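The exercises below are worked with the sequence and the model side by side. Try each task before reading its solution.

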Amino acid sequence: MESFFRTHAYLVEHTDLPVRRALMDEIDWRQPLIGIKGTRGVGKTSFLLQYAKEHYNVESRKCLYVNMNNFYFQGRGLSDFAREFRMGGGEVLLIDQVFKQPQWSSELRRCHDENPGLRIVFTGSSVMRLKEENSELNGLVGSYNLRGFSFREFLNLKTGLNLPAYSLSEILSHHQSITAHILEQVDPLQFLQGYLHHGFYPFFLEHRNFSENLLKTMNMMIEVDILLIKQIELKYLSKLKKLLYLLAINRPCAPNVSQLAIDIETSRATVMNYIKYLSDARLINLIYRQGEEFPKKPAKVMMHNSNLMYTIYPSSMETIDVAETFFQNALWAYHDVRMGDRYSSFIVDGRHFKVSMSEPRRNNPAIIYACHSTRQGHDNILPLWLFGFLY
């Protein structure tokens with residue numbers, strides 16, 4: 001136990017997040033079980049350590065961070081460790097990569113049942129289904145998603161500003177006054193391309209080649225987050241990777257499932273399952289028509305964020321595809337994003353949006369325009385960058 005406290009103290013002391021994540025204030029930290037999911041690379045470990053740093057003295061024995069990569073947990077159950085921590089006066093146990101522990105959901109349930117008053121915060125992959133697939137935890141765990149940097153967070157990091165987030169309704173109703181306030185302090189268009197290229201994943205701050213680091217992370221998403229959690233045999237790894245590549249190199253469109261099945265030498269049903277796994281891993285997003293859901297074929301497959309596009313196929317991207325990817329990535333987590341009609345790119349919460357490179361020649365009042373090159377909008381024409389302020 002002492003070695004864990006020493007590691008905890010070292011990690012917390014050396015944690016200094018340049019931007020405080022908005023999720024920190026959205027979580028109800030009083031809950032006994034809190035699950036924080038997120039795609040690999042978005043900063044879940046740093047998030048846990050930042051919580052410890054904000055709420056407990058570094059030498060306090062009431063809070064402890066542990067990582068399930070530690071070989072110690074291969075010979076001892078997590079519930080026994082939690083009991084020892086609680087008996088020593090522990091209050092909050094921060095568990096990183098909980099899915100690395102065999103029977104992790106059962107172990108968490110035992111930790112909860114056998115240690116009244118102990119609060120447990122754990123991180124896991126976005127592929128995990130805490131409520132849908134874990135009846136043992138259903139009703140007990142508060143589940144939250146940590147996303148990559150928003151454009152707002154990236155902008156604050158680059159400028160040292162503290163620009164707030166806005167709801168979609170606030171942006172649609174007051175976008176002119178909001179943009180005027182922001183433009184008094186900074187020109188967001190000067191930073192937008194940097195965000196599109198490398199701003200979503202916090203590890204762009206590290207002194208390593210970003211694209212190589214992201215490629216490594218993407219491979220880990222498939223090899224660990226999908227194969228391990230979904231218990232897929234290693235021999236199918238190459239099929240998953242080839243499927244992702246084939247989806248990525250095409251412009252966003254409805255997938256030709258039959259052709260993809262031929263290309264990766266598997267069945268149509270397996271292709272659809274693999275597409276869902278890639279979506280769960282936050283490598284792609286599936287855009288459906290209104291009223292449709294999985295297992296139906298999506299109307300469009302898009303990369304989850306624009307950073308992935310620049311890493312996989314930088315030489316063959318269309319700028320409008322990058323702009324649309326930015327838009328749907330900013331909105332999908334908290335809004336219902338659907339395939340648009342012939343006049344719109346997307347239907348969001350029932351409202352029609354058109355992503356464009358410049359202001360329309362013919363303005364349709366029934367459509368909200370998100371324009372890539374617009375600095376400050378008017379009426380139903382909004383700057384695309386403003387949608388990066390939703391969180």
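**Exercise 1. Is Glu324 buried or exposed, and which residues is Glu324 in contact with, leaving aside its neighbours within four places in sequence?**

Solution. Glu324 has a relative accessible area of 10%, so Glu324 is buried (buried means under 20% relative accessible area, exposed over 50%, partly exposed in between, with a 1.4 Å probe and protein chains only). This is a predicted model, in which local features need pLDDT of at least 70, side-chain atom pairs count only at pLDDT 80 or more, and totals for chains, interfaces and linings use all residues. Residues are numbered from 1 along each chain as its sequence is written, and side-chain values use heavy atoms, with hydrogens and water left out.

Next, place the residue: Glu324 belongs to helix α13 (residues 319–331). Helices (H or I, at least four residues) and strands (E, at least two) are DSSP runs, numbered from the N terminus.

Then list the partners. Leaving aside neighbours within four places in sequence, Glu324 touches Lys300, Met302, Ser345, Phe346 and Val355, where contact means heavy atoms within 4.5 Å.

**Exercise 2. Describe the sheet that α13 lies across.**

Solution. Start with the strand order, β8-β9-β10-β11-β12, in an open sheet of five strands with mixed pairing; two strands pair if DSSP finds at least two bridges between them. The edges are β8 (337–339) and β12 (381–383), each pairing on one side only. On average, neighbouring strands of this sheet are turned by 35 degrees against each other, direction ignored.

At one edge, β8 pairs with β9 (residues 346–348) in the antiparallel sense over three bridges, and Arg338 stands opposite Ile347 of β9.

Now add the helices. Helix α13 lies across β8, β9, β10 and β11 and runs at about 145 degrees to β10. Axes are lines fitted to C-alpha atoms, for helices over the stretch in contact, and angles run from 0 to 180 degrees between N-to-C directions.

**Exercise 3. Where is Pro252 found, and which residues is Pro252 in contact with beyond four places in sequence?**

Solution. Pro252 is in the loop between α9 (237–249) and α10 (257–264). Its relative accessible area is 18%, so Pro252 is buried. Outside its neighbours within four places in sequence, Pro252 contacts Lys300, Val301, Met302 and Asp321. For Val301, 49 residues apart from Pro252 along the chain, the C-alpha separation is 5.5 Å.

**Exercise 4. How many residues of strand β3 are buried, and which strands pair with β3?**

Solution. Five of the five residues of β3 (residues 92–96) are buried, so β3 is largely enclosed by the rest of the structure. Val92, Leu94 and Asp96 point one way, and Leu93 and Ile95 the other way.

On one pairing, β2 (residues 63–67) runs parallel to β3 over five bridges, with Val66 opposite Ile95. The chain passes from β2 through helix α3 (residues 78–87) to β3 in a right-handed β-α-β crossover; right-handed here means that, with the strands pointing away from the viewer, the path from the first strand over the helix to the second runs clockwise.

On the other pairing, four bridges join β3 to the parallel strand β4 (residues 119–125), where Phe122 is the bridge partner of Ile95. The crossover from β3 through helix α4 (residues 104–114) to β4 is right-handed.
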